[in-house]
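Q: Hello! I'd like a close look at one part of this model, and then at how the rest is put together.
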Amino acid sequence: MSPTHYASITTADTRIRVGARSHVGRVRQLNEDSFVAEGYVYAVADGMGGHAAGEVASQIAVLTLRDLGGNHPLRPDDIVDNIRESNRRILKSAGSRPETEGMGTTMAGVTVVRTGGADHWCVFNVGDSRVYRLLGNRMSQVTHDHSEVRELIDAGLITVDEAKKHPLRNVITRSLGTDPGPTPDVWVFPPCPGERFLICSDGLSNEVTDRDIMVTLREHDDPQAAADELVELALKAGGRDNVTVVVVAVDTDQDDDDDGDTAPRAHLS
Ligand code: MN
């Protein structure tokens, strides 16, 4: 592929197909996850706090983000500013309703920004909701979990397998609804024809292995079918948490000769 093979995400020769599904799971009474998937804004938020407060926080986060959808072209700073605004709104809402005090939420997502005169993906996260990127037969987690177990793994103190059963596995180290507000992590990279993104709450990633996630994404060309199947897998594995997935597929006119053998040019960390 030549460098001119760039996908221009916001032009007519690129088609974005999206599938999304959110499920309360098999154990919990309330679904405190929220998602948005419209206008080049795709995100999942996993709320926490008793008495449905988590749902309030996750809704505020995705609705604030949705406001960005109509404002193309965006800059990466717009995403950061928007997440700060979410944090302010969550704190304000919690302050005015005592029963929601202490509510918070994660958020992870993908949107389109313009840098250097060209469209780029902008992936962001706060907390342990995740964005994965699939291209050909390679899948990688773009986001870095803000969680106690991730820090312990990074420090070399526990293994990935040990993290799954660790007592601190549910403790996140950054969330929206805190004062001072969290700094989101942001990744900006150029688009690649044929790539797919999966955005999910930990109700998927705690129940289904990365390998099974990748196989499922590859099996289903239709993003909605992929989203439905991923939720089914999480439910079959126990469904101990709310589970939410958004699948974004990017198709271009040049997809015919994309057999996945081209190394991604994205700068993933
Ligand atoms: Mn969760």
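What covers the buried residues of H2?

A: Happy to help! This is a predicted model, where local features need pLDDT of at least 70 and side-chain atom pairs pLDDT 80 or more, while totals for chains, interfaces and linings use all residues. Residues count from 1 along each chain as its sequence is written, and side-chain values use heavy atoms, without hydrogens or water.

The cover of H2's buried residues includes helix H1 (53-66) and strands E4 (104-105), E5 (107-115), E6 (118-126) and E9 (185-189). Here helices (H or I, at least four residues) and strands (E, at least two) are DSSP runs numbered from the N terminus, and contact means heavy atoms within 4.5 Å. Among the buried residues (under 20% relative accessible area; exposed is over 50%, partly exposed in between; 1.4 Å probe, protein chains only) are Ile79, Ile83 and Ile90 of H2. H2 itself covers residues 76-96, and its 21 residues reach 31 Å from first C-alpha to last, close to the 30 Å expected (1.5 Å times one less than the number of residues).

Elsewhere, 5 strands form an open antiparallel sheet, ordered E1-E11-E10-E7-E8; strands pair if DSSP finds at least two bridges between them. E1 (14-23) and E8 (138-141) stand at the edges with a single partner strand each, so one side of each lacks a neighbour in the sheet. E7 (130-135) and E8 pair over 4 bridges, and Tyr132 has Gln141 in E8 as its bridge partner.

Helix H7 (223-236) holds Leu233, which is partly exposed at 22% relative accessible area. Setting aside neighbours within four places in sequence, Leu233 contacts Val208, Asp212 and Thr216.
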